[in-house]
Amino acid sequence: MIKVEHLTKRYGTFTAVDDLSFEARHGEILGFLGPNGAGKTTTMRILTGFMPPTGGHATVAGYDVFTESMQVRHLVGYMPETVPLYPDMSVRGYLEFMAELRRIPNRRARVREALARVDMLDRAESLVRNLSKGLRQRVGLAQAIIHDPPVLILDEPTIGLDPRQVLAVRSLVRELGKDHTVMFSTHILSEAEQICDRVLIIHQGRAIAAGPPQTLRDELQKSGRVFVRIGGASTDAEELVALLERVPSVARVEAMDTGFAVTAWGGKDIRPAIARAVTEAGRPLLELRPLAMTLEDIFLEVTQVDDVEAGGA
Amino acid sequence: MNDHQAESRYEVPPPALTGSVWAIFKRELGQYFVSPIAYFVAFVILLIMGLAFNAYLEIWKDQRTTASAPALVGFFVSLMVFMAPLLTMRLLAEENREGTIELLLTMPVRDIDIVLGKFLGAWAYYTLLLLVTVVYQLILASVAQPDMGAAIASYIGAWLYGGASLAVGLMFSALTENQIVAGFLGLSALMVMFQANTFALSISDPNLRELVRALSTGTHYYRSFANGIVRLEDVLFFVFVMAGALFVAVRMVESRRWR
């Protein structure tokens with residue numbers, strides 16, 4: 001549904017998006033992950049026809065975003081990062097205006113449907129200016145789905161919301177993902193992990209990793225890490241570190257919470273070896289579990305490598 | 001065959017003849033009646049017009065001259081230097097500041113539709129203000145015998161003059177995110193245009209002087225419409241000012257895409 005090929009956007013000498021290529025299939029929720037200033041918003045603005053790319057091209061539902069902009073705009077629902085609302089209008093008035101701009105038939109029914117979808121039927125007559133941040137966000141979403149577009153592009157839909165509202169928006173996005181292609185950006189990694197079918201990590205305008213969250217984690221989890229907690233009378237840390245370091249294949253032992261994080265060479269599973277070593281030393285083994293690398297760790301690792309490269313150049 | 005052509009194409013609504021001008025026009029005109037500034041402007045204009053009307057009545061009575069309908073309209077026109085920026089400074093500057101322009105520019109709406117819709121909304125509101133002043137003409141007609149033809153000519157002129165002034169104001173609103181800056185620039189430009197025939201007096205080069213005089217909005221109103229004459233060249237002048245200012249405004253809106 002969304003196809004981006006070698007997309008580049010420069011502002012003067014600054015390159016916001018650098019030779020970016022990716023694809024989002026029909027009915028897929030694509031998480032667009034990256035730190036602030038990574039080029040997420042710029043990419044979305046190009047896809048929605050707000051600004052033209054400097055190089056490369058992109059299509060939405062087969063239409064070129066630059067040469068067939070009007071068609072693309074009909075097929076995309078877009079919620080910009082700062083939800084663009086008119087404070088003087090009522091929720092219903094705003095949505096009807098949006099529906100009229102899009103020239104969709106059965107406007108009243110569509111407005112009602114969109115309001116129902118974001119659970120705001122009871123606030124239809126409220127003035128936008130009197131709405132809380134969370135409700136405004138929902139009006140923004142209602143605006144994006146009013147024409148039931150096949151493609152939804154949401155720029156940081158959960159930013160600035162309280163935890164309960166974040167959950168509500170996430171479940172809404174998940175639900176919309178059942179019958180829409182959704183591309184949404186976030187810098188919260190757990191969010192992408194929870195909602196997305198696929199994640200695209202971008203940094204300094206370039207894609208640095210892509211794939212389903214699970215695969216990404218498996219692929220990038222290079223080092224086998226386990227958490228070990230050892231009990232017993234003597235809890236002298238140095239002694240325990242020495243004990244663990246003697247275990248074959250152990251690369252690094254670090255204190256972590258009430259135990260140790262042990263990293264093995266070459267991603268080996270060293271749990272049996274550790275268990276044996278600890279019991280042989282006559283110590284009770286209280287806890288031994290693999291430390292799953294979160295997307296957060298992956299992200300930090302990948303972007304750090306990049307920063308070092310950039311800094312060294 | 002391109003692989004993106006292989007993907008099934010979705011149906012989109014055919015382009016509408018008038019685009020989305022009508023939707024934007026309706027919203028803008030409605031906005032004048034939900035924001036206090038429009039009521040305030042209407043109130044002040046009527047108040048000032050009332051004061052002027054009474055003053056004119058006194059003058060006509062004292063001098064025993066014929067009551068002139070265009071005089072009052074001419075006074076209304078002179079207010080437009082201040083009123084047009086007030087009425088238009090919000091139109092695009094607010095969208096630029098609030099970020100709602102991003103939404104409009106990603107709607108299936110042409111840039112020119114946005115500008116035209118807003119301009120026509122402002123012009124319609126202005127037309128309502130102008131029509132309200134007809135009250136004074138009716139009062140005048142009940143106590144004197146003013147020249148009705150001249151009155152109508154002066155209204156046609158005031159309507160065109162107002163359109164041109166609003167277009168200039170809208171152009172400056174498109175330029176900036178700051179309403180005050182938009183209003184001030186619009187006011188300055190309209191002032192210079194209004195007084196260009198006076199400023200031209202200090203220009204020594206005769207050709208340039210004539211050119212500047214020819215560009216004076218004041219001259220194009222007061223030398224013809226104010227005397228009850230509708231001249232094609234003056235009509236065309238205001239139409240060109242409108243078209244030119246709106247063209248620049250569309251370009252300004254377009255340029256938001258490149259920043």
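Here are legends for a few close-ups of this predicted model.

**View 1. The open sheet of chain A.** Four strands line up in the order 2-1-4-5, and their pairing is antiparallel. Strand 2 (14–24) and strand 5 (63–64) of chain A sit at the edges, each with a pairing partner on one side only. Strands of a sheet are held to each other by backbone hydrogen bonds, in either a parallel or an antiparallel arrangement.

**View 2. Strand 1 against strand 4 in chain A.** Zoom in on residues 2–11 (strand 1) and residues 55–60 (strand 4) of chain A: these two run antiparallel, with five bridges joining them. To get your bearings, pick out A:V4, whose bridge partner in strand 4 is A:A58.

**View 3. A helix laid over the strands of chain A.** Helix 1 of chain A, residues 40–47, lies across strand 1, strand 2 and strand 4. Against strand 1 of chain A, helix 1 runs at about 115°.

**View 4. Chain B, helix after helix.** No strands to look for here: chain B has 13 helices and zero strands. The C-alpha trace of chain B spans about 85 × 45 × 35 Å along its principal axes. Among contacts in chain B with a separation of 6 or more, 76% link residues 24 or more positions apart.

**View 5. Inside and outside chain B.** Of the 259 residues in chain B, 51% count as buried. As for the outside, chain B exposes about 12300 Å², with carbon and sulfur atoms supplying 69% of that area. Chain B also carries 17 positive and 19 negative charges, and the mean positions of the two sets are 5 Å apart.

Note on methods: Residues are numbered from 1 along each chain as its sequence is written. Chains are lettered from A and ligands numbered from 1 in the order in which they are written. This is a predicted model: local features need pLDDT of at least 70, side-chain atom pairs count only at pLDDT 80 or more; totals for chains, interfaces and linings use all residues. Side-chain values use heavy atoms; hydrogens and water are left out. Two strands pair if DSSP finds at least two bridges between them. Contact means heavy atoms within 4.5 Å. Axes are lines fitted to C-alpha atoms, for helices over the stretch in contact, and angles run from 0 to 180 degrees between N-to-C directions. Buried means under 20% relative accessible area, exposed over 50%, partly exposed in between (1.4 Å probe, protein chains only). Accessible areas come from the Shrake-Rupley method with a 1.4 Å probe; for residues, only the protein chains shown count as cover. Lys and Arg count as positive and Asp and Glu as negative; His and the chain ends are not counted. The place of a charge is taken as NZ of Lys, CZ of Arg, CG of Asp or CD of Glu.
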